[in-house]
Amino acid sequence: MELRDVHVRLPARGGPAFRRSVVHALTGADLAIAPGETVGVVGESGCGKSTLAKVLIGLQKPTSGTVLFEGSDLGSLPRKERAARLGASVGMVFQDPSTALNRRLTVHSVLRDPLDVHRRGTPAERDERVRELMALVGLPPSAAAALPGQLSGGQRQRVAIARALMLEPSLLVADEPTSALDVSVRAQILNLLLDLKDRLGLSMVFVSHDIQTVRRMSDRVVTMYLGRIVEDVPAAALADTRHPYTRALLSATPSLLDPMEPIRLEGPVPSAVHPPSGCPFRTRCWRATDACGEAMPPFTPASEPGHLFRCLHPITDTDTGAGSAVLQEKTP
Ligand SMILES: Nc1ncnc2c1ncn2[C@@H]1O[C@H](COP(=O)(O)OP(=O)(O)OP(=O)(O)O)[C@@H](O)[C@H]1O
């Protein structure tokens, strides 16, 4: 899957003051997901993570830009064909399994539904596939007759994952798949996703606001800020982030891998209706200069292969060990 310069602009929600205003939900997104790769997407609430996920599964049509999937330009396909193509090849796991699953259908019916809709196999083969997928995600056969409301949150998310895999997709998009779950079952669901990805050779896009979870789950981490991708870094090189925003996110959830002083970002996230000129992060960035307001910097390669960032004043090697050095540079 590849996005090239994808923009999504939506009519703003809100009172009369927002009439005819436009939200810049996604601005110039460039992203390629290779077969078998997991790309993690991280950023604060409202930065466009879900919009990006919806573009990937075809739920959100880009305002402009190109979406390529397995070599074809999806924009050039008629709507029905596009939906059929993505519906079978891209699976989606949503944040809250309680609302994502039809409460009136048994687990067996929920799981068989995609096979019925896409007319896959004979009725007996469909039932067999349901049993197979339930076993794969660790659900007991007895759960087949249950309604989603009779299951625990973790079991419901297992059902949602099984449903997303029913049509053997090559790409799984998981949007905050554990944030509605109890802390005790989060690790089980994350481990299940990692296991399934390996066993089935899936590509995965894993969306979360928690950078440490994203780091654990992903081969690459993409940081978003106010509708823009600002950094794309191999997970193993995350400690060497060059973008101040990724650095601030990392410092907010310290880990033993890279202990650092917390960086407190000042001021609110600007409105996506009126994003700042140039780099959108400049209004909260302690390294920003007037030049940052002129234009969004292009992607710049860092020393690690595959590491790209968009910043005029990137974190340098001498900054990376100590967050306090970064803080001391803060200017009003
Ligand atoms: N249907 C919509 N109509 C208008 N604006 C929208 C709509 N959906 C999202 N937005 C706006 O688009 C921007 C990006 O939203 P999006 O949901 O993609 O962000 P997010 O990073 O996934 O946030 P969260 O983590 O809170 O879900 C936000 O400013 C949001 O308010």
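## Ligand shell, helix pairs and a sheet: worked exercises

α1 hands three residues to the shell around the ligand, the most of any element. Keep in mind that this is a predicted model.

**Exercise 1.** Work out which residues come nearest to the ligand, and how the shell around the ligand splits by class.

*Solution.*
- Step 1: There are 15 residues around the ligand, and those that come nearest are Ala25, Ser45, Ser50, Thr51 and Ala272.
- Step 2: Now look at who supplies them: β2 (22-32) and α1 (49-57) are the elements that give two or more residues to the shell.
- Step 3: Sort the shell by class, and you get seven polar, six nonpolar and two charged residues.

**Exercise 2.** Take helices α4 and α6: are they roughly parallel or roughly antiparallel? Then find the residues that make the contact.

*Solution.*
- Step 1: Fit the axes of α4 (residues 107-117) and α6 (residues 153-165); they come within 8 Å and cross at roughly 20°.
- Step 2: Angles under 35 degrees count as roughly parallel, so α4 is roughly parallel to α6.
- Step 3: For the handedness, α4 passes α6 in a right-handed crossing.
- Step 4: On the α4 side the contact uses Val107, Val110, Leu111 and Pro114, while α6 brings Val159, Ala162 and Arg163.
- Step 5: Split by class, this contact has six nonpolar residues, one charged and no polar.

**Exercise 3.** Do the same for α6 and α7: how do their axes cross, and which residues meet?

*Solution.*
- Step 1: The axes of α6 and α7 (residues 183-200) come within 10 Å, crossing at roughly 20°.
- Step 2: With that angle, α6 is therefore roughly parallel to α7.
- Step 3: α6 passes α7 in a right-handed crossing.
- Step 4: From α6, Gly153, Gly154, Gln157, Arg158 and Ile161 meet Val185, Gln188, Ile189 and Leu192 of α7.
- Step 5: Counting classes gives four nonpolar, four polar and one charged for the contact of α6 with α7.

**Exercise 4.** Trace the eight-stranded sheet: what is the strand order, and which strands stand at the edges?

*Solution.*
- Step 1: Read across the open sheet and the order is β6-β7-β8-β3-β9-β10-β12-β11, with mixed pairing.
- Step 2: β6 (90-93) and β11 (300-301) each have a single partner strand, so they stand at the edges with one side lacking a neighbour in the sheet.
- Step 3: Zoom in on β3 (residues 38-42) and β9 (residues 220-225): these strands run parallel and are joined by four bridges.
- Step 4: To get the register, note that Val39 stands opposite Arg220 in β9.

Definitions and conventions:
Residues numbered from 1 in each chain as written. Predicted model: local features only at pLDDT ≥ 70, side-chain atom pairs only at ≥ 80, totals over all residues. Near = placed C-beta within 6 Å. Nonpolar A, V, L, I, M, F, W, Y, C, P; charged D, E, K, R; others polar. Axes fitted to C-alpha atoms, helices over the stretch in contact; angles between N-to-C directions. Parallel < 35°, antiparallel > 145°, perpendicular 65-115°, else oblique. Left-handed = near helix turned anticlockwise from the far one by under 90°. Contact = placed C-beta atoms within 7 Å. Pairing = 2+ DSSP bridges.
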